[in-house]
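Here's a quick walk through a protein chain, starting from one helix and its surroundings and working out to the whole fold. Have the structure open as you read.

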Amino acid sequence: MNGHDKDDAARVGCPHSLKEVDLFGPGAQEHWYAAYPILHDQAPVMRIEGEGLLPGTDAYILTMHEDINRVVRDWARFQPTMMLAVENVAKAGVPPFEVPNVNAMIASAATLRRDEASWRAHRKELTDPWVGPGATRHEEMILGHVDDLIDRWIVRDGPIDFVAEFARPLPQRTMASVLGFPLEDIPQLEAWGNAQVFAFVHGKGHRNTITSEQAKEQHRILDGFSDYVSEKTREKRANPCDDMVSFLTQVHYSPIDRKLTDEEVNGVVYAMLIGGLETTQYAIAEQAQLLCENPSIFTRLMDDPSRIRVFVEEGMRLRSPTQGLSTRVTTQDEVFQGVEVPAGSLLHMRFAAANIDPKAFDDANDLKLERKAPTRHLAFSAGLRSCPGATLSRVEQMIAWRRLCERFEAVSFAEGNDFLHQPGIMLGLNQLHLHFKPATGAA
């Protein structure tokens with residue numbers, strides 16, 4: 001999703017001191033990685049006065065790996081804000097899917113993911129077989145999409161926009177195939193996906209706040225998505241195929257001791273699109289930029305494809321797709337880095353800063369193919385609430401770079417790159433013009 005105004009970059013300049021750090025202003029994304037060392041050194045826990053969930057409460061930005069890792073692994077002490085939303089839905093006194101202005105993911109969570117135990121069951125029984133550990137079943141399908149996309153431009157004379165012609169369409173195709181939706185529906189699915197993440201791109205502040213008018217428009221657009229998924233669900237319930245939506249219509253879910261309703265299937269699919277379209281696109285695009293900045297790495301990957309796994313992890317660590325989220329509330333008084341944080345405070349976990357924390361990673365700003373325990377980063381968070389589709393994303397990224405290293409012998413920047421990113425909380429390049437040199441006989 002584009003939308004970055006070049007003039008915005010001048011509105012938030014590159015910080016040189018703590019008072020100049022602004023992580024959420026217009027154009028701030030162009031200077032995040034200059035701000036993180038300042039925060040590590042001078043304000044590893046930064047208070048945002050009056051920005052908590054309730055009146056009179058504050059928010060705190062966490063930037064150190066040890067702090068965020070502790071928070072995301074402890075559900076009881078640091079309550080997920082999503083569960084607060086689920087509790088509010090449950091208190092509404094009407095069926096979850098009839099509560100006004102509640103998206104399908106939250107509504108379905110009110111019946112499918114009501115507590116920590118059912119959250120675990122949700123992953124194990126509903127998503128893991130398709131986008132979790134079971135995602136390896138999709139390798140051949142993903143490889144087919146990778147080759148088809150490369151075939152479209154490998155013999156072209158001139159540069160390509162790597163974002164538009166590879167990094168974006170690959171996860172779109174993959175997720176459509178996983179769910180069992182026709183590839184010709186991708187343009188409409190992309191529009192609905194953009195509506196789903198609208199707040200994360202165009203929202204204001206660390207809570208990604210949008211106006212009531214924007215929220216109404218978002219819900220209007222997503223009504224069409226709900227109708228689409230409902231139609232597909234009815235079709236697949238009657239004639240199941242080998243896809244995730246068919247599976248969701250047939251599976252017996254243990255916490256509720258029954259099959260899922262059409263509305264509940266819709267909620268699961270809603271969550272899959274949010275995570276399945278954006279993160280992988282941003283990761284692959286940033287990895288391509290890293291390779292152009294470090295040409296010898298591409299050569300090493302070609303010579304030894306076994307290093308691609310660590311390269312993918314290092315790429316996500318160094319250029320985290322989701323930079324941070326305000327998704328936990330303290331249930332008791334806490335202390336982080338010597339800073340007292342009262343109960344009821346909202347925590348903004350800055351995953352990207354944690355991933356280059358020099359106390360957690362040696363040579364934290366270097367891409368090291370020899371790094372030990374490369375998955376220690378928090379690009380997908382950690383613990384029970386880590387991204388359920390992390391395995392699928394990793395499989396996509398590794399297959400993409402394995403094939404690109406097989407079919408090309410060099411990659412470099414083309415002219416015309418401004419390296420600007422979309423607004424919001426995710427590190428999404430608007431475009432990336434590259435030259436690829438095909439390997440002999442690869443076309």
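## A helix and its cover

Let's start with α7: the elements covering its buried residues include α8 (162–167), α9 (169–179), α18 (390–407) and β11 (408–413). Keep in mind that this is a predicted model. The residues of α7 that end up buried are Ile142, His145, Val146, Asp147, Leu149 and Ile150. As for its geometry, α7 takes in residues 139–151, and its 18 Å reach from first to last C-alpha is close to the 18 Å expected.

One of the covering elements, α18, deserves a look of its own. With 13 of its 18 residues buried, α18 is largely enclosed by the rest of the structure. Its end C-alpha atoms sit 26 Å apart, which agrees with the expected span.

Here are the two helices side by side:

| Helix | Residues in helix | C-alpha end to end | Expected span |
|---|---|---|---|
| α7 | 13 residues | 18 Å | 18 Å |
| α18 | 18 residues | 26 Å | 26 Å |

Another piece of that cover, α8, holds alanine 167. Is alanine 167 buried or exposed? Its relative accessibility is 0%, so alanine 167 counts as buried. Leaving aside residues up to four places away in sequence, alanine 167 touches Phe162, Gln281, Ile284 and Ala285. Alanine 379, for its part, is 212 residues from alanine 167 in sequence, with 18 Å between their C-alpha atoms.

Now over to α5, residues 104–112. How many of its residues are buried? The count is 9 of 9, so to speak a mostly covered helix. Among the buried residues are Met105, Ile106, Ser108, Thr111 and Leu112. The cover over α5 includes α4 (81–90), α6 (116–131), β5 (252–253) and α14 (262–293).

Zooming out, the chain has 18 helices and 12 strands. Its radius of gyration is 22 Å, close to the 22 Å the globule rule gives for 443 residues, so the chain is as compact as a globular protein of that length. Its C-alpha atoms fill a box of roughly 65 × 60 × 40 Å along the principal axes. Buried residues account for 54% of the 443. Of the contacts with a separation of 6 or more, 70% join residues 24 or more positions apart.

On the outside, the accessible surface is about 18600 Å², and carbon and sulfur atoms own 49% of that. The chain carries 46 positive and 62 negative side chains, with the centres of the two sets 3 Å apart.

Note on methods. Residues are numbered from 1 along each chain as its sequence is written. This is a predicted model: local features need pLDDT of at least 70, side-chain atom pairs count only at pLDDT 80 or more; totals for chains, interfaces and linings use all residues. Side-chain values use heavy atoms; hydrogens and water are left out. Helices (H or I, at least four residues) and strands (E, at least two) are DSSP runs, numbered from the N terminus. The expected span of a helix is 1.5 Å times one less than its number of residues. Buried means under 20% relative accessible area, exposed over 50%, partly exposed in between (1.4 Å probe, protein chains only). Contact means heavy atoms within 4.5 Å. The radius of gyration is taken over C-alpha atoms; the globule rule is 2.2 Å times the number of residues to the power 0.38. Accessible areas come from the Shrake-Rupley method with a 1.4 Å probe; for residues, only the protein chains shown count as cover. Lys and Arg count as positive and Asp and Glu as negative; His and the chain ends are not counted. The place of a charge is taken as NZ of Lys, CZ of Arg, CG of Asp or CD of Glu.
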